[in-house]
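Colleague: I am new to this one, so could we look at it together and talk through a few of its contacts?

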Amino acid sequence: MVESEETTLLDERRFLDPDNTSDAREKVLLTSYPRSGNTYTRLTLERLTGIFTGSSWDAKPKDGWVNDLYEHGFLGEGVKDNRVWIVKTHFPERTADFRGPEEAQKVIHVVRNPFDVIDSYFNLIMAKKQDLSIDESEYPRFASIFDDHVREEVRVWKEYETFWTKIDMPVLFVKYEDLRANFDPLAKGILQFLLNSLDISGSEYTPRLESLVKTGVKQLYKPRVATKYKSLRHYSHDQLRLILTELHDFLLQYDFLTDELFAQPEMAPFKDEFYSLEIQEQAKARRGTFTAKWIEENNHKLLARLDKLRASGNELEFKPVGKGSDYLRSSTMEEYRVKYFAQGDAKIKQTA
């Protein structure tokens, strides 16, 4: 990309309060299941605000896992105090790797279709890097491990999404696929949510939004799989049935039961059962969910809630999000890998 005023502006980022001495503005959590587009959304937020995002990793920069993102420019890794406004977390996915539970006033929750998430998470564990994948030839060798992985992740993904859909605080749900495909209005809606205002025309962040719309969000690394649903070929018939059955309500709620999904050859055997005319009508009724219009309506509700609170002299409550017993599994990422590598290291390839 040719260097321009837009790209120069967007590359300028800072800590909100470098000395961590002032009172914090609203704290916002950026939550998602691992491999759901959190890094892309996080970069979007940093370029929208010009402020480094933090993370709840219980580690310091240059320590192992954190180093991967730190070297890509996320200088807020491991920071969650007043130096940052937005804090990335995967709480309550697993204990030990993250400090939690968290405290915040609001949440931005990123969702991605579980077919791609579960497969991408498997690659992350096996390849040990954000931008590497296991070779296609390795799937048969690791078939039993992949099957265990699918069954475990279906359980945890379902419990994870249940946790965040029931949380008692303002939550803005953003679909990763929609953010990539319809960036302009969704990014505007996110900024409105952050600023508690529908009118952001005079905001210091508006020039950043306009520049970001022009230039797009530059990837920090090449995505593992650029094509949606390309991962379907890695699943067996029984595994696909398991996902469709166990996650059906969320697939419907998040508008993942679509013509596009069931046009994939791997999904043809399931269309009559899981995408009947009745289900298509149910899905059609939810088609506006998480779109720019839905986000605008969500922001209207938030502002109405804020106006009511402020009329009584209050603000959004800063409160804990969950508790230690909410963790969905106790194993660390490294413990997970020990089990996965019982058959030896996988053959790795660069992202295609």
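Colleague: Thanks! Does Tyr254 count as buried or exposed?

Modeller: Happy to help, and please keep in mind that this is a predicted model. Residues under 20% relative accessible area count as buried. Tyr254 has 0% relative accessibility, so the class for Tyr254 is buried.

Colleague: How are the rings of Phe173 and Tyr254 arranged: stacked, edge-to-face or tilted?

Modeller: The two ring centres are 6.3 Å apart, with 40° between the planes. Planes under 30 degrees apart would count as stacked and those over 60 as edge-to-face. The angle of 40° fits neither class, so the pair of Phe173 and Tyr254 is tilted.

Colleague: How many residues apart are Phe173 and Tyr254?

Modeller: Phe173 sits in strand β7, residues 171-175. Tyr254 belongs to the loop between α11 and α12. The pair therefore links distant parts of the chain, and the separation is 81 residues.

Colleague: Which residues form one aromatic cluster with Phe173 and Tyr254?

Modeller: Phe173 itself counts as buried, at 11% relative accessibility. The cluster that holds Phe173 and Tyr254 also includes Trp157, Phe250 and Phe256.

Colleague: How many aromatic pairs does a search of the whole structure find?

Modeller: One of the pairs is Phe115 with Tyr229, which is edge-to-face, at 6.4 Å centre to centre and 75° between the planes. Phe115 lies in helix α4 and Tyr229 in the loop between α9 and α10, so this pair ties together parts 114 residues apart in sequence. For the whole structure, the search gives 19 aromatic pairs.

Colleague: What is the orientation of α4 and α10 to each other?

Modeller: Helix α4 covers residues 114-127 and helix α10 residues 237-246, and their axes lie 11 Å apart. They pack at an angle of about 125°. That is over the 65 to 115 range for roughly perpendicular, but not over 145 as roughly antiparallel requires. The orientation is therefore oblique.

Colleague: How many nonpolar residues are in the contact of α4 with α10?

Modeller: From α4 come Pro114, Phe115 and Ile118, which meet Leu240, Ile243 and Leu244 of α10. No polar and no charged residues take part, and the nonpolar count is six.

Colleague: And how many charged residues are in the contact of α2 with α9?

Modeller: These helices pack at about 130°, with axes 7 Å apart. On the α2 side are Thr44, Glu46, Arg47, Leu48 and Thr49, and they meet Arg208, Leu209 and Leu212 in α9. Three residues are nonpolar and two polar, while the charged ones number three.

Definitions and conventions:
Residues are numbered from 1 along each chain as its sequence is written. This is a predicted model: local features need pLDDT of at least 70, side-chain atom pairs count only at pLDDT 80 or more; totals for chains, interfaces and linings use all residues. Side-chain values use heavy atoms; hydrogens and water are left out. Axes are lines fitted to C-alpha atoms, for helices over the stretch in contact, and angles run from 0 to 180 degrees between N-to-C directions. Helices (H or I, at least four residues) and strands (E, at least two) are DSSP runs, numbered from the N terminus. Angles under 35 degrees count as roughly parallel, over 145 as roughly antiparallel, 65 to 115 as roughly perpendicular and the rest as oblique. Contact means heavy atoms within 4.5 Å. Ala, Val, Leu, Ile, Met, Phe, Trp, Tyr, Cys and Pro count as nonpolar, Asp, Glu, Lys and Arg as charged, and the others, Gly among them, as polar. Rings of Phe, Tyr and Trp (its six-membered ring) pair if their centres lie within 6.5 Å; planes under 30 degrees apart count as stacked, over 60 as edge-to-face and the rest as tilted. Buried means under 20% relative accessible area, exposed over 50%, partly exposed in between (1.4 Å probe, protein chains only).
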